[in-house]
Amino acid sequence: MVPWEGYASDETMGTFAPILLYWLYAGGYQLVLHRRPLQRYRLHTAAEEEEKNLVTLPAVVRGVLLQQLVQGVVAMVLFMITSDGSTVVVQPSMVVQIFQFLVAMLVMDTWQYFVHRYMHQNKFLYRHIHSQHHRLIVPYAIGALYNHPLEGLLLDTVGGAMSFLVSGMTPRTAVFFFCFAVLKTVDDHCGLWLPYNIFQHLFQNNTAYHDIHHQLQGTKYNYSQPFFSVWDRVLGTHMAYDLVSRKEGGFEARPL
């Protein structure tokens, strides 16, 4: 039994819930990012954000909306193709769903690591496609899915589809997986190191880890996203860092 049962199908929720959750979670971060009490948790100062970023917030919002439009269309087609037409889908046991969840996480991590890394190594792809995401040298939550449309399709949308298909999860399980992936991706770009943030303490691949990748000296390291740092460690692209306090307040992720 899920809260939306009787009101919306699992396929509808799997398509639109992650998009709605993105704006709720990222919007919440955006509202508090510049509040004075939160400045002591920032990884970059507001002045750095203003000075270093090469794209405006309205342009970022438009880019994210375009990616989510494509994402929504692909999700609807994917659910339509994989549906067997039955009105009642038997859900697997909780143990099976947890296993499918973990498989989906590993598939998404693997796909995104190698595509992401190749986009850095191929000069044409970096210059014309992936560099759009790196216009946000100082990341913030709403910019988590700010990508070139082709990158958004290949990296995020195709990666999500592969995770769903390979894991064999049902559309209902996919609702929870896609929402979890969205929350994690947004959090990795939030620009805040918060004391009680569960993502930042459970995952080594977190806000500070990904912040290193957005810095000039870290662009060829820390490709892993959004869950684990396994591929970086196995293939020698892991860059360790120290989280140090700044005199003016806040933190700095300093590469070692």
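A salt bridge is taken here as a side-chain nitrogen of Lys or Arg within 4 Å of a carboxyl oxygen of Asp or Glu. By this criterion, a search of the whole structure, which is a predicted model, finds 7 salt bridges. Side chains of opposite charge can pair when their charged atoms come close.

Among these pairs, glutamate 49 is bridged to arginine 42, with 2.8 Å between the closest N and O atoms. Both partners, glutamate 49 and arginine 42, are buried. A further salt bridge links aspartate 188 to lysine 184, and here the closest N and O atoms are 2.9 Å apart. Aspartate 188 and lysine 184 both belong to helix α7 (residues 171-188), where they are 4 residues apart, about one turn of the helix. Because the limit for burial is under 20% relative accessible area, aspartate 188 counts as buried at 5% relative accessibility, and lysine 184 likewise counts as buried at 0%.

The salt bridge between arginine 254 and glutamate 252 has its closest N and O atoms 3.1 Å apart. Arginine 254 has a relative accessible area of 41% and is therefore partly exposed; glutamate 252, at 28% relative accessibility, also counts as partly exposed. Elsewhere, salt bridges that share partners join Glu5, Asp10 and Arg172 into one network.

Two backbone features were identified in the loop between α9 and α10. Most residues other than glycine have a negative phi, and most peptide bonds are trans. The peptide bond from glutamine 225 to proline 226, however, is cis, with omega near 0°. Proline 226 is placed in the loop between α9 (207-214) and α10 (230-234). Asparagine 222 has a positive phi of about 55°, although this residue is not a glycine. Asparagine 222 also lies in the loop between α9 and α10, and its relative accessibility of 0% means that asparagine 222 counts as buried.

The loop is contacted by glutamine 112, a residue of helix α4 (residues 94-121). With a relative accessible area of 4%, glutamine 112 is buried. The side chain of glutamine 112 makes a polar contact of 3.1 Å with the side chain of glutamine 225, the residue that precedes the cis bond to proline 226. A polar contact of 3.3 Å joins the side chain of glutamine 112 to that of aspartate 156. When neighbours within four places in sequence are left aside, the residues in contact with glutamine 112 are Arg117, Leu155, Asp156, Gln225 and Pro226. Both residues of the cis peptide bond, glutamine 225 and proline 226, thus appear in this set of contacts.

Helix α9 was examined next. Of its 8 residues, 8 are buried, so α9 is largely enclosed by the rest of the structure. The buried residues are Thr207, Ala208, Tyr209, His210, Asp211, Ile212, His213 and His214. They pack against the helices α4, α7, α8 (198-202) and α10, and against the strands β1 (241-245) and β2 (251-255). The packing partners thus include α7, the helix that holds aspartate 188 and lysine 184, and α4, the helix in which glutamine 112 is placed. At the N-terminal end of α9, asparagine 206 acts as a cap, with a side-chain oxygen 3.3 Å from the backbone nitrogen of alanine 208.

Methods:
Residues numbered from 1 in each chain as written. Predicted model: local features only at pLDDT ≥ 70, side-chain atom pairs only at ≥ 80, totals over all residues. Heavy atoms only, no water. Buried < 20%, exposed > 50% of the residue type's maximum accessible area, 1.4 Å probe, protein only. Polar contact = N/O pair within 3.5 Å; in protein donor to acceptor, adjacent residues only side chain to side chain. Contact = heavy atoms within 4.5 Å.
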